[in-house]
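Colleague: I am new to this structure and should be grateful for a close look at a single helix and its surroundings. Please take me through that part in one connected account.

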Amino acid sequence: MKGKNLYPEIKIKKLGIKYLDHCIKLDKKTLNGIWTKRQWQDELTNAKRICLGALHQTKLIGLTSGWLAKDEINITFVGVHPLFQNQGIASLMVLSLLSRSKEIGISIATLEVKENNLAAKSLYENLNFHQIGFRNKLYKDGSNAVIYQYIYN
Ligand SMILES: CC(C)(COP(=O)(O)OP(=O)(O)OC[C@H]1O[C@@H](n2cnc3c(N)ncnc32)[C@H](O)[C@@H]1OP(=O)(O)O)[C@@H](O)C(=O)NCCC(=O)NCCS
């Protein structure tokens, strides 16, 4: 599957509760399961969240989620199934999250990423996110965090 450009076959859609099990599975596959079932339930039903999925046919292969607060969206989850990485899917999902949130009045996006996550850092930098901060040992494993911001134009 790797190396094949699946871009035209991918559909990005807003996910509802029927994707609960798929989200939990993809969370485990991409980020070792950062959220519990309860947290995913909230993610998929709370009006202050936008949760988007990338679908290849009926299979959920990518996920991104953001928390809305006033004019800001905090992007809390971005993950793509390992077999589908490096084919533009995360870029497609994050761009869709930015444009959907712009439509509802959001003007700033923020997120944090582990300092050593080079793939994620290049993803965000390619999308014009800028580093605005740094937090020492923010993560449980002792990693530092880089804080990124994107200002809508
Ligand atoms: C980070 C992640 C979401 C990127 O998803 P993706 O679909 O592969 O990303 P894209 O194909 O849209 O790539 C966007 C850019 O990221 C960079 N990138 C992607 N995979 C990379 C890799 N393995 N190594 C280095 N850079 C990489 C590239 O610069 C790419 O830009 P390019 O197409 O101009 O070369 C994916 O690797 C992933 O799910 N990782 C595990 C979960 C995770 O770390 N999430 C981020 C938490 S903040």
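**The third helix and its setting**

Modeller: Leaving aside its neighbours within four places in sequence, I89 is in contact with I10, A54, I61, G62, V80 and F84, contact meaning that two C-beta atoms, placed from the backbone, lie within 7 Å. Residues are numbered from 1 along each chain as its sequence is written. The model is a predicted one, in which local features need pLDDT of at least 70, side-chain atom pairs count only at pLDDT 80 or more, and totals for chains, interfaces and linings use all residues.

I89 and M93 touch the most other members of the largest nonpolar core, which has 31 residues. Such a core is a set of buried Ala, Val, Leu, Ile, Met, Phe, Trp, Tyr and Cys residues joined through C-beta atoms within 7 Å. Buried here means that 20 or more other C-beta atoms lie within 10 Å of a residue's own; exposed means 12 or fewer, and partly exposed covers what lies in between, with C-beta atoms placed from the backbone. The elements that give two or more residues to this core are α1 (20–31), β2 (49–56), β3 (59–69), β4 (72–80), α3 (89–103), β5 (108–114) and β7 (145–151). Helices (H or I, at least four residues) and strands (E, at least two) are DSSP runs, numbered from the N terminus.

The helix in question is α3. At 1.5 Å a residue, its 15 residues should span 21 Å, and the end C-alpha atoms of α3 are indeed 21 Å apart; the expected span is 1.5 Å times one less than the number of residues. In α3, the buried residues are I89, A90, M93, V94, L97 and S101. Seen down the axis of α3, these residues fall within an arc of 130 degrees, so they line one face of the helix. The arc is that of the directions from the helix axis to the C-beta atoms. Cover for the buried residues of α3 comes from elements including β1 (10–14), β2, β3, β4 and α4 (118–126). On the face turned away from the buried side, α3 carries the exposed residues S99 and E103.

Both sides of this helix in sequence deserve a look. Before it, the loop between β4 and α3 holds N86. N86 has a positive phi of about 60 degrees although it is not a glycine. Most residues other than glycine have a negative phi. N86 counts as exposed because it has 12 C-beta neighbours inside 10 Å. After the helix, α3 is followed by G105, whose phi is positive, near 95 degrees.

The helix also takes part in the surroundings of the ligand. There, 20 residues surround the ligand, and the closest are Q85, A90, S91, A119 and S122; a residue is near a molecule if its C-beta atom, placed from the backbone, lies within 6 Å of it. The elements that give two or more residues to this shell are α1, β4, α3 and α4. The largest share, six residues, comes from α4. By class, the shell has ten nonpolar, ten polar and no charged residues. Ala, Val, Leu, Ile, Met, Phe, Trp, Tyr, Cys and Pro count as nonpolar, Asp, Glu, Lys and Arg as charged, and the others, Gly among them, as polar. A90 thus joins two parts of the account: A90 is a buried residue of α3 and is among the closest to the ligand.
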